[in-house]
4 protein chains.
Amino acid sequence: MPTKPSTKLWGGRFNSEITTETEDFTQSIEVDSRMVAHDIWGSQAHAIMLARVGIISDEDLRQILRWLGKAEEDFRDGKFFLKPEKEDVHMNVESYLIEGAGREYGGKLHTARSRNDQVLVDAHLVTREQILRTQEGTSRLCRVFLAIARCHVETVMPGYTHTQHAQPISLGFWATAYVSMFIRDLKRLDAAYALANMNPLGACALAGTSFPIDRHLTTKLLGFDAVHEHALDVISSRDFIAETLFALSMLMSNLSRLGEEIVYWTTYEFGMAVLDDTYAFGSSIMPQKKNPDIAELTRGRCGRVYSALLDLLTNLKGLPLGYNRDLQEDKPPLWDAFDVVQSCLGVLPGLLETIDFKTDRMAELANANFATATELANYLVREGGLAFRECHEIVGGIVGDLVKMGKTFKDWEETQQLLQNRGINLAIPELQRILDPKLALHSHRSLGGTSPTEVRRMVDGFEGKLDELEAQIRTRQDGIQAAHQRTLQIIEQVLAGTPIMEANL
Amino acid sequence: MPTKPSTKLWGGRFNSEITTETEDFTQSIEVDSRMVAHDIWGSQAHAIMLARVGIISDEDLRQILRWLGKAEEDFRDGKFFLKPEKEDVHMNVESYLIEGAGREYGGKLHTARSRNDQVLVDAHLVTREQILRTQEGTSRLCRVFLAIARCHVETVMPGYTHTQHAQPISLGFWATAYVSMFIRDLKRLDAAYALANMNPLGACALAGTSFPIDRHLTTKLLGFDAVHEHALDVISSRDFIAETLFALSMLMSNLSRLGEEIVYWTTYEFGMAVLDDTYAFGSSIMPQKKNPDIAELTRGRCGRVYSALLDLLTNLKGLPLGYNRDLQEDKPPLWDAFDVVQSCLGVLPGLLETIDFKTDRMAELANANFATATELANYLVREGGLAFRECHEIVGGIVGDLVKMGKTFKDWEETQQLLQNRGINLAIPELQRILDPKLALHSHRSLGGTSPTEVRRMVDGFEGKLDELEAQIRTRQDGIQAAHQRTLQIIEQVLAGTPIMEANL
Amino acid sequence: MPTKPSTKLWGGRFNSEITTETEDFTQSIEVDSRMVAHDIWGSQAHAIMLARVGIISDEDLRQILRWLGKAEEDFRDGKFFLKPEKEDVHMNVESYLIEGAGREYGGKLHTARSRNDQVLVDAHLVTREQILRTQEGTSRLCRVFLAIARCHVETVMPGYTHTQHAQPISLGFWATAYVSMFIRDLKRLDAAYALANMNPLGACALAGTSFPIDRHLTTKLLGFDAVHEHALDVISSRDFIAETLFALSMLMSNLSRLGEEIVYWTTYEFGMAVLDDTYAFGSSIMPQKKNPDIAELTRGRCGRVYSALLDLLTNLKGLPLGYNRDLQEDKPPLWDAFDVVQSCLGVLPGLLETIDFKTDRMAELANANFATATELANYLVREGGLAFRECHEIVGGIVGDLVKMGKTFKDWEETQQLLQNRGINLAIPELQRILDPKLALHSHRSLGGTSPTEVRRMVDGFEGKLDELEAQIRTRQDGIQAAHQRTLQIIEQVLAGTPIMEANL
Amino acid sequence: MPTKPSTKLWGGRFNSEITTETEDFTQSIEVDSRMVAHDIWGSQAHAIMLARVGIISDEDLRQILRWLGKAEEDFRDGKFFLKPEKEDVHMNVESYLIEGAGREYGGKLHTARSRNDQVLVDAHLVTREQILRTQEGTSRLCRVFLAIARCHVETVMPGYTHTQHAQPISLGFWATAYVSMFIRDLKRLDAAYALANMNPLGACALAGTSFPIDRHLTTKLLGFDAVHEHALDVISSRDFIAETLFALSMLMSNLSRLGEEIVYWTTYEFGMAVLDDTYAFGSSIMPQKKNPDIAELTRGRCGRVYSALLDLLTNLKGLPLGYNRDLQEDKPPLWDAFDVVQSCLGVLPGLLETIDFKTDRMAELANANFATATELANYLVREGGLAFRECHEIVGGIVGDLVKMGKTFKDWEETQQLLQNRGINLAIPELQRILDPKLALHSHRSLGGTSPTEVRRMVDGFEGKLDELEAQIRTRQDGIQAAHQRTLQIIEQVLAGTPIMEANL
């Protein structure tokens, strides 16, 4: 077989082409298609830097920028497609450039750069954007919970432990619990953002370069916070993705718990909430069905985000330092996890805004099954001077007796009698006061407790935190936007003929 | 807002439409697009059965079959698309049918069926096909290894433990190890196939039906081996998928180990193999690079298959019986795992057929680093009547001394001297014979050992097993094909006017 | 520092001892302590074989067997402990032997064997035992479900999909679903058993041996089904453990689902079951609590078994062939998974035997929320000749109207009127018949459906299968026992002076 | 059967005892045994607070503190054991207290507290301690790498991508890459610490309490940074553990990569390092073996830490809010992960301090296989004004030709000739300068590159960061110590008769 030399941009030393199936096996076009604009921005910044430090000429830069701009335009207009035989977004863009500008110009873009750092630039740019988007969605969901909380600081419902009635809480208290949890998710995303917003460009293949590049300049142009310095670490590590995936996993874990609660609250048996028809689903066979599919899918997709994290961790296990092609597989799980989490964050606010909480049913349940037994024990501690452990036993015994008789606390006379049998005399009105779920609710004024005063205080606090977080998200989005604008303005100047040394960087 | 009644096929009790984003969140069009033909076959079999037992009329059947056939044709021709607003493949096909045949006919297809069992039919049909395809690919890879083995039963290479030279083995012995492993993977896929090839149809929503359906008939028409009987178990369980994913995970685990070995064997340091240029890749920055990307991606995609398994297991954890929408998420990981594994199986045979094993280097390594030390100890046991533990210590001591002197066994005189110091007198030719890797290879004639006779015997055995397995794959594929043909022939008869009771089932 | 030569049995070539912390890091004493008896049996079989084929003498064998027997006795009596500084069970036993019998005898045991195959013998022996024990526990649980099923073939309860009332089923039908699931778990354990019960001994380090060993003889003495032949495959692979862990994971997944159902059925809201006080737990603070901790822990420990599987899979990813020390980590997850699963199987039968199913509540729920709507639609199909899809819409509309009016089907007149509005005239007694959950139950006579006849038939079938499976378990346990006895009898003969060639093997 | 009332402290409403196997199934004694001292400290702080706010009397407090102190002492002296029938550490300590002080005193400790918040106190206290210990170990490992780096800023070795020679780097550059990675691990542990060091006490069962507790006081006494306020969030969430497990997983992932590199560097083929005998292992059968078991186990235990994370995530999936017994399973994976990571951190510093890097071999490899090809291309860019892409192709072609001829760059005349064929004239000394690995190393002066100046600068920077981190660890450890001392001083005052209102808090 006569050897046909490789036509790849990297094919100098190769005598033959790879096979089509090999091409298919290794290409990353679908995954890369999310990064075209980011890849081009990265290249623009790199080219500007190369010219500014004198590695390429003004004319080189002009040609490169002209054709990069055109590539982006053509991609947007659907005229420039990523081709699998060009392997990845980088080679596709460079090919477009070389075809347009000729190799004497286009062939200069890849000076002092490797795909190893280039792909990281793209992944960092997409990741930071998606983190901010996820934070926005999470914050929006928090706002819905806070609105629910404000309305329901006095709405009594049973608080559960072991899915058994424990103590009365308010619906508002329940709603703020999720906010309290999500705020930590937002902070974890913050920490991941800090890692994502570091500049990998300039690490080159793994060792930096002998060209006098200026990594601070590309950092500025791409809106990164700082340089991720150590070149070998840059190329070898993917913890910015792993940490993002962990933050998404915890968030999704919390969403799955909400899903479970919605599923059960909307059962006939619990009857604590009814979904709006716009957020419920029927059955193809059972005409009466009204199903909580969104809640179920939220719960059911949790594994997908967990497994995205596991996928990357498995990948990294035992990998030697330096770039290994295994690392190409870092993006599919990340993209998928962002999609899953963001789609959940997209539908849940509407579902919660339209859900009909059945507060009467909640009150009924809170009153039905000894949920205030602790309060009776506490009363005996306070008023009777008995040890809590003894009061616990007394009240436990009374509950046991009532259950055997098929009665509840609301069978006041029996309850009174059972207390009397144990040497405790309480008038029925007093008993009713002690065992009233609403009064119990109000009395739980300890820091972070379920009392309306505490819940209101916490709602205020959470709103303040969300204000801050949202301001931070906007600041960051604006910063990214501004950096992109700055790059575009420089390009405009250059294309208009301004020498790069005179351009306003 | 005036309520607009639901237009869903299940929408009878609903007062309003779900929102578009909710539709997007819940639809499964992309995933379902692999199952259109299978869904139609399932419906054809169901309709034939309904008519045969008298639930629908001959005319009903004719109309249904006519339009189902047209749906498949239109889908193939790109004229019938799955629409997200119709949720899934089932509702899309039923809508097509009702539009074509009218509700008085098309509306009868879903009698005595639910999407709950219908989607399982589709998933079972796809899974069994893909399992067979995966087995074919695995068997093909085994054949390549066996071809390598036949050529290299006498090719000496170092066998490694702890990635250190352990004892000489043959390249053929190494190659057959993978075959021995893959044959167990093939058997695991077999067990998964047995689960997949059970008929879920007729489980209906979760409880069976009061219609007098004939599940044995649909079993026959769809080419299933048997009925999966218990309706609630059918609807609740996904172990046929989990077991498939586990079988794929083990297979992928074995492939990742092959990937690792190819990566290291093709390093400059090991130098035991060189990839053909058609299966190697260059670098965008380093002109000299020739990288084993396929091996790396095979290793790196292992986590994707593992995580597909984890995804499903997480999903199933703590799920109450009956259908839950969470279960819709069973297919994305399965499709993805099949794709990943099959693509690896697609490229690895070619890579191995063209790889250039450097047998001289292997021989050199096998001879360089004391790999035959055990043989010397064994010799002392056999000839000297010493306890193995003592011989081990003697030879260990000699190796230690040689290493300190910067020598190896091949410094015959030093070796002889060190033996003599320990009271053992051996002529150099004898020593050379004992320590010769090739002779050591030949001597390992224990059952399953590395000797050429054993490897040849095992190659024969593996070929026999692969012959059987491949015959079985073909038998199964033929059986599926035959069942499909039988269904089509019945359809032809029915459309030609034969009453179903007279049709040849 | 003057070098102090290694005192390890393998220390011939080493000039110094490893540090204590290194010893601690690498030793596996705790994990190995489960395998002492198995290790000794393995060594006894190996020694007998060595003597029978003439590798060691009758006197060697006698000495070895005498001290191995004593080691086991001393271990049982707490006089022989595994010491961490001897690394593992193998080196501890060999040291005991050498100390007792002297190196001239004891030092011969390890001829033609490596720790690589020896540890596999131990792991295989323990695994097969534990699989059988797990199968016993699973079968016991199935029997409890079958007893429940027999009592409750006519006990109506709501069948759930999406955790919403779907169609009436019987409690017996529900109970048999688990049996149907567990029987597949038993089969998966069977497949794992088949892998575990293969003999790895004789693979030696990785290449077999030049000694004329007889692997069939050790297979027979150790009660294995067959030889696992390919030495390199034997040493490199751990799929017998992975497959066991997957079988345990699926089983645990099923148990976690049972756990979830118990948690919810015993809520105040569902009220479908009450735990016996012997299987329920109180709260340290809330005197009224009665919590389903066992069900929760069963659900909560699911992740532990999943993660045991993941642990091993992660370990195997990208591992080159041959023994790698990573593989020592195969046993901790396996032991842990067996413990978790077996402890669940230990408590759940008692919990289910004593649980109080609230059949009145079940009947009430089955009747309360339109669970028979499908039956009304089916009736209209059968009697009205309408298409199912149309009937579905009609009944769906009626349910929607009733819900809006705050009514149910049992508001017969309203239901009748709503049907009439849609042109369907039904007398109330007829309506009551159609919508009666008990009658609906009886009518679901399709294969595998919820009708009493089907459930009874399935119970019979499952009992037959369990009889077979339990017989198989006993046969296997007897076989293992018999093999051990055979080994002990040979030992007795040898110690009594019978030459091994005359011993009755 | 006559009912025997429950003897549990929570047994008031129970008529019978749980069974022994149920007790075994649910108890957590082994896991809890790590938390006895922490549990007692938590109870001491709680009791002091109860008295200070007037919920219990000075005499109550004295009695409680006396017996808690004695419990700790007896535990330390091995006189007080945790008994499984008392379920957990909390009930064991409370029983001890009640037995000693009588229920009239001891029974008051559990006022305004639940085991739900109590167990979280213990877990938080242990977790923060263990995080600090893990950070210490990580920092120690970093110091070893920095010492290596300082010695080897000019030691040339091949830098690898795709495990193929890429470009020359220095051994010091390689060593600092790990430090750069570990410093992010340290920060992740920091973030986990911040979560762990929040006070859960006072959340009570799930809703706070009606007693006027002072959560700020217990925060101070227990040395927490702040109150974790929202009671329901406190009780429901375990992200402080999940985040810790993720931080440990990433750290372990990085260690596994180091393990892989040590395994391969110490192969005969790479020969870049030799382990000291104190950190290497032999074989039971092959006398010549010297195995890198520590590196292998470090790699092989990675899955154990990953799976600990997965275990908890699986547990949390779909769990309703409030305490569920599933959450008891949060600690076994955490303890195990800490043990595994810390043991790795215990042995690796010594292994690296004693490893013998073979710098000659490294230099040889860096020079053998075209690792400086990029430098030649860069030279052509700089001097020839050619586009990088063109230079890449030229050099690639030359490498391809040399490989075919069996030559390397060091065949200077051939290299010169091949350049000349492509129109480039270079004197051999110039060529030697360009292709010299050491000079290449020095030229990579870009920020974060491999040049000695950059590596020295980074070493300085890392040392500064480690100084800070270690100072922070010590500050935190001192703070914890100081808080404990403060608690003990208060106890001393109280036991000496000081009324709590006069005690110096």
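Tutor: A salt bridge is a side-chain nitrogen of Lys or Arg within 4 Å of a carboxyl oxygen of Asp or Glu. Keep that handy, and remember that this is a predicted model.

Student: Okay! What makes E229(A) and R457(D) a salt bridge?

Tutor: Set the value against the cut-off. The N to O distance between their side chains is 2.9 Å, and the rule asks for a nitrogen of Lys or Arg within 4 Å of a carboxyl oxygen of Asp or Glu. So the pair E229(A) and R457(D), at 2.9 Å, passes as a salt bridge.

Student: How many salt bridges are there between chain A and chain D?

Tutor: The count is 14. Polar contacts get their own tally: 58 residue pairs across the interface of chain A and chain D, both partners at pLDDT 80 or more. As for the classes, the side of chain A that touches chain D has 43 nonpolar, 41 polar and 26 charged residues.

Student: How many residues take part in the contact, and what area is buried?

Tutor: Chain A brings 110 residues and chain D brings 109. About 9,000 Å² is buried between them, with carbon and sulfur atoms giving 60% of that.

Student: On to cysteines. How many disulfides does the whole structure have?

Tutor: Zero, over all chains. Take C151(A): the nearest cysteine sulfur belongs to C142(A) and is 16 Å away. A disulfide needs two cysteine sulfur atoms within 2.5 Å, so C151(A) is in none.

Student: Is C151(A) buried or exposed, and how do you know?

Tutor: Exposed means over 50% relative accessible area. C151(A) has 60%, so that cysteine counts as exposed.

Student: And why is C302(C) in no disulfide?

Tutor: Because the closest cysteine sulfur, in C344(C), is 9.2 Å away, too far for a bond when the limit is 2.5 Å.

Student: Why is C302(C) called buried?

Tutor: Buried means under 20% relative accessible area. C302(C) is at 0%, so the label fits.

Student: What is notable about the phi of A112(C)?

Tutor: A112(C) has a positive phi, about 55°, although it is not a glycine. You'll find A112(C) in the loop between α6 (103–106) and α7 (115–151) of chain C. With a relative accessible area of 4%, under the 20% limit, A112(C) is therefore buried.

Student: Where is E87(D), and why is that residue called buried?

Tutor: Look in the loop between α4 (58–76) and α5 (89–101) of chain D. The relative accessible area of E87(D) is 4%, under 20%, so E87(D) is buried. Its phi is positive as well, near 75°, and E87(D) is a residue other than glycine.

Key:
Residues numbered from 1 in each chain as written. Chains lettered and ligands numbered in written order. Predicted model: local features only at pLDDT ≥ 70, side-chain atom pairs only at ≥ 80, totals over all residues. Heavy atoms only, no water. Contact = heavy atoms within 4.5 Å. Buried area = accessible area lost by both parts, 1.4 Å probe. Polar contact = N/O pair within 3.5 Å; in protein donor to acceptor, adjacent residues only side chain to side chain. Nonpolar A, V, L, I, M, F, W, Y, C, P; charged D, E, K, R; others polar. Buried < 20%, exposed > 50% of the residue type's maximum accessible area, 1.4 Å probe, protein only. Helix = DSSP H or I, 4+ residues; strand = E, 2+ residues; numbered from the N terminus.
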